Amino acid sequence: MILFAFFLGTLIGSFYTATASRILYFFYGEGRKTPDRWKQIFFRPSFCFHCKEKIPPLDLIPLMGYLRNRGRCRHCHYPIGIVTLLGELWPGFLLAYLIYFNYSVAQAFFLVLLSGHLLIAFATDWKHYSLDHENTIFVGLFALAAGLEKSALSFSAFWPLLATSAGVGVILWVLNLFFPDGFGFGDVLLGSSLALYAGLPWTIVIFEVAAAGSIIHIYWILKDRKAPAPFGSYLVLGFFVALLAEAIY
Ligand SMILES: [Zn+2]
């Protein structure tokens, strides 16, 4: 059962990792001028972003393609990247982890699908300091579904989540008004969506990780105090940390 959950999770991870790299390619990268890019994102058979060659079916099985070709494109030998591998592995690990800790199947799926959309948010914010509202809507919907399931549809259990989400939304919105370069409106939507599932005290964990991550990023990675940090990406990391911790707790 756990092994099956892991495999199913890597399939979901594979879908979202592919979607994330397609969004980077078609909306931010080389493929920006493609006329039917929405259609291409969802219906074009998998291809190498470097040489544009189609990827054979056996290589599309999560992890298999990576292992069979030692992490490189079969045609042009361009490295696939460890991030792709992690993007496939993470939802597999998470689904198995949540089932192991006795989450309901519905809840585990809500959270894994939520995590898939968070991988997309992580990727666009990390590379381009940008969170797409089209994607954040899904983050909000799955967080709402998971929050409702967590509170077993009882309003007395749900309203604290709602209040946390509203509080976070207001705080981030004020930060957005005063420091628009550091906190985008995308961060406001993302932060309040995550709080809608996490509630208290876990939302505090999310923001501690996000704040620490952003500070470390600015001082150690960018080495420039005026440079922006991908705050949204660190919110995502914070959420994953909170999720793992909540399951054990
Ligand atoms: Zn290639």
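The exchange below goes through a zinc site, a pocket and a buried leucine in a predicted model.

Biologist: On what basis are residues numbered and values computed here?

Modeller: Residues are numbered from 1 along each chain as its sequence is written, and side-chain values use heavy atoms, with hydrogens and water left out. This is a predicted model, in which local features need pLDDT of at least 70 and side-chain atom pairs count only at pLDDT 80 or more, while totals for chains, interfaces and linings use all residues.

Biologist: Which arrangement do the donor atoms around the zinc ion form?

Modeller: The zinc ion is coordinated by the SG atoms of C48, C51, C73 and C76, at 2.2 to 2.4 Å; donors are N, O and S atoms within 2.8 Å of the metal (3.2 Å for Na, K and Ca), and since water is not among the atoms, sites may look incomplete. Four donors count as tetrahedral if all angles lie between 85 and 135 degrees. The 4 donor atoms here subtend angles of 106 to 117°, so the arrangement is tetrahedral.

Biologist: Is C76 buried, partly exposed or exposed?

Modeller: Buried means under 20% relative accessible area, exposed over 50%, and partly exposed in between, with a 1.4 Å probe and protein chains only. C48, at 9% relative accessibility, counts as buried. C76 has a relative accessible area of 28%, and is therefore partly exposed.

Biologist: Between which domains does the second largest pocket lie, and why?

Modeller: A pocket is, on a 1 Å grid over the protein atoms alone, an open set of points where a 1.4 Å probe fits, with protein on both sides within 12 Å along at least five of seven lines, and lining residues have an atom within 4 Å of a point. The second largest pocket holds about 300 Å³ of space, a volume being the space filled by probe spheres set on the points, which are joined across faces, edges and corners. Of its 16 lining residues, the closest to the centre are I23, W38, F42, E134 and N135. Both domains, whose bounds come from an automatic or database domain assignment, give residues to the lining, so the pocket lies between domain 1 (1-99) and domain 2 (101-249).

Biologist: How far apart in space are L190 and I137, C-alpha to C-alpha?

Modeller: L190 has its place in helix α8 (residues 185-198), where helices are DSSP runs of H or I with at least four residues, numbered from the N terminus. L190 is buried, with a relative accessible area of 1%. L190 and I137 are 53 residues apart in sequence, and their C-alpha to C-alpha distance is 8.8 Å.

Terms used. Four donors count as tetrahedral if all angles lie between 85 and 135 degrees; four count as square planar and six as octahedral if opposite donors are over 155 degrees apart and all others between 65 and 115; anything else is irregular. Helices (H or I, at least four residues) and strands (E, at least two) are DSSP runs, numbered from the N terminus.
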